[in-house]
Amino acid sequence: MSTASAATVHPGTVLADVIFPARRAASSAPAARQVLARDAALVVGGAALTGLAAQLSVPVPGSPVPVTGQTFAALLVGTSLGARRGFLSLALYTLLGMAGLPWFAEGNSGAAMPSFGYVLGMLLASAAVGALARRGGDRGVLRTAGTMAVGSAIIYAVGVPYLALAADISLSQAVAAGLTPFLIGDALKAALAMGALPTAWKLIGRRGPSF
């Protein structure tokens, strides 16, 4: 079965639905509980992955915003889990970080850091890329590139103005400190996603649907 045929058979499916299918149950109540338990585990796992990726951090000279793996993880979580579960994963990540769990970038926590706007942007971006993924936005190289571009744009659209306000700098200074240094890294992350996500769908198409 090709990737295109897999998409036709299962419209609205994201990777998590295929990789972690809910088990069939004899009655609707146990089936609903199984789906709820699976979704809860995926949400917690997505938050944990984002928190771990945030610790892959490299400081950027002259900028309060480091290069981290958390933006890529947030977009990957949203794309793989879909809009609802992706949003809940990043909401859990955000709320626990605000409550004091040190799993924001560089082991930080709380909402006082100038880069907190990027976390809020990831929250929205995860839902956006998840919605696009349910429409096939991760099943081809060019579509995946577009999906990643939309997600990144949302993150910067929230993060850069927040940085300007939090650090009391001009918007142009915030762009120079919080956007320009990260464009090459974002391009590399997008290239990684462009290879990984469509390849995953091709492998799934070859083995056939899981549910």
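Is P64 buried, partly exposed or exposed? Select P64 and find out: with a relative accessible area of 41%, P64 is partly exposed, because anything between 20% and 50% falls in that class. Keep in mind as you go that you're looking at a predicted model.

**Stop 1: around P64**

P64 sits in the loop that links β1 (57–58) to β2 (67–68). Now add P114 and L163 to your selection, since P64 touches both of them, leaving aside residues up to four places away in sequence. Next, pick A167. A167 is 103 residues away from P64 along the chain, yet their C-alpha atoms are separated by 8.8 Å.

**Stop 2: the whole chain**

Zoom out and switch to a cartoon view. You should find nine helices and two strands. Walk from the N terminus and the order reads α-α-α-β-β-α-α-α-α-α-α. The chain has 211 residues, and 44% of them count as buried. If you show contacts with a sequence separation of 6 or more, 70% of them join residues 24 or more positions apart. Turn on the surface too: the chain exposes about 10,000 Å², with carbon and sulfur atoms supplying 71% of that.

**Stop 3: the core**

Nonpolar side chains in soluble globular proteins tend to be buried together. To see the largest nonpolar core here, start with L90, Y93, F104 and Y118: of its 39 residues, these touch the most other members. Then colour the elements that each give two or more residues to this core: α2 (15–19), α3 (28–54), α4 (70–81), α5 (83–98), α6 (116–133), α7 (141–167) and α9 (183–207). Which element gives the largest share? That's α6, with seven residues.

Stay on F104 for a moment and show its neighbours. Setting aside residues up to four places away in sequence, F104 touches a long list, including A54, Q55, Q70, Y93, M113, F116 and V119. G97, M98, S109 and G110 are also among them.

**Stop 4: α5 against α6**

Hide everything but α5 and α6. Their axes come within 7 Å and cross at roughly 165°. That angle is over 145°, so α5 counts as roughly antiparallel to α6. The crossing of α5 past α6 is right-handed. For the residues that meet here, show side chains on both helices: from α5, look for A83, G86, F87, L90 and Y93, among others, and from α6, look for residues including F116, V119, L120, L123 and A127. You've already come across L90 and Y93 in the core.

Bring back the loop between α5 and α6 and pick E106, which has its place there. Most residues other than glycine have a negative phi. E106 isn't a glycine, but its phi is positive, at about 60°. As for its surroundings, E106 counts as partly exposed, at 42% relative accessibility.

**Stop 5: α7 against α8**

Now move to α7 and helix α8 (residues 171–178). They pack with their axes 8 Å apart, at an angle of about 120°. The two helices are therefore oblique to each other, and α7 passes α8 in a right-handed crossing. Select Y156, V160, P161, L163 and A164 on the α7 side, then L171, A174, V175 and G178 on the α8 side, and you have the residues that meet. L163 should ring a bell: P64 touches that residue as well.

Between these helices, in the loop from α7 to α8, you'll find D168. Its phi is positive too, about 55°, although D168 is not a glycine. Is D168 buried or exposed? D168 is exposed, because its relative accessible area of 70% is over the 50% cut-off.

**Stop 6: along α9**

Finish on helix α9, where K189 lies. Select K189 together with T68, T71 and F72, which K189 touches when residues up to four places away in sequence are not counted. K189 and F72 are 117 residues apart in sequence, but 6.4 Å apart in space, C-alpha to C-alpha.

Your last pick is T199, also in α9. T199 is partly exposed, with a relative accessible area of 39%. Add R139 to the view: R139 is 60 residues from T199 along the chain, while their C-alpha atoms are separated by 8.2 Å.

Definitions and conventions. Residues are numbered from 1 along each chain as its sequence is written. This is a predicted model: local features need pLDDT of at least 70, side-chain atom pairs count only at pLDDT 80 or more; totals for chains, interfaces and linings use all residues. Side-chain values use heavy atoms; hydrogens and water are left out. Helices (H or I, at least four residues) and strands (E, at least two) are DSSP runs, numbered from the N terminus. Buried means under 20% relative accessible area, exposed over 50%, partly exposed in between (1.4 Å probe, protein chains only). Contact means heavy atoms within 4.5 Å. Accessible areas come from the Shrake-Rupley method with a 1.4 Å probe; for residues, only the protein chains shown count as cover. A nonpolar core is a set of buried Ala, Val, Leu, Ile, Met, Phe, Trp, Tyr and Cys residues joined through side-chain atoms within 4.5 Å. Axes are lines fitted to C-alpha atoms, for helices over the stretch in contact, and angles run from 0 to 180 degrees between N-to-C directions. Angles under 35 degrees count as roughly parallel, over 145 as roughly antiparallel, 65 to 115 as roughly perpendicular and the rest as oblique. A crossing is left-handed if the near helix is turned anticlockwise from the far one by less than a right angle, and right-handed if clockwise.
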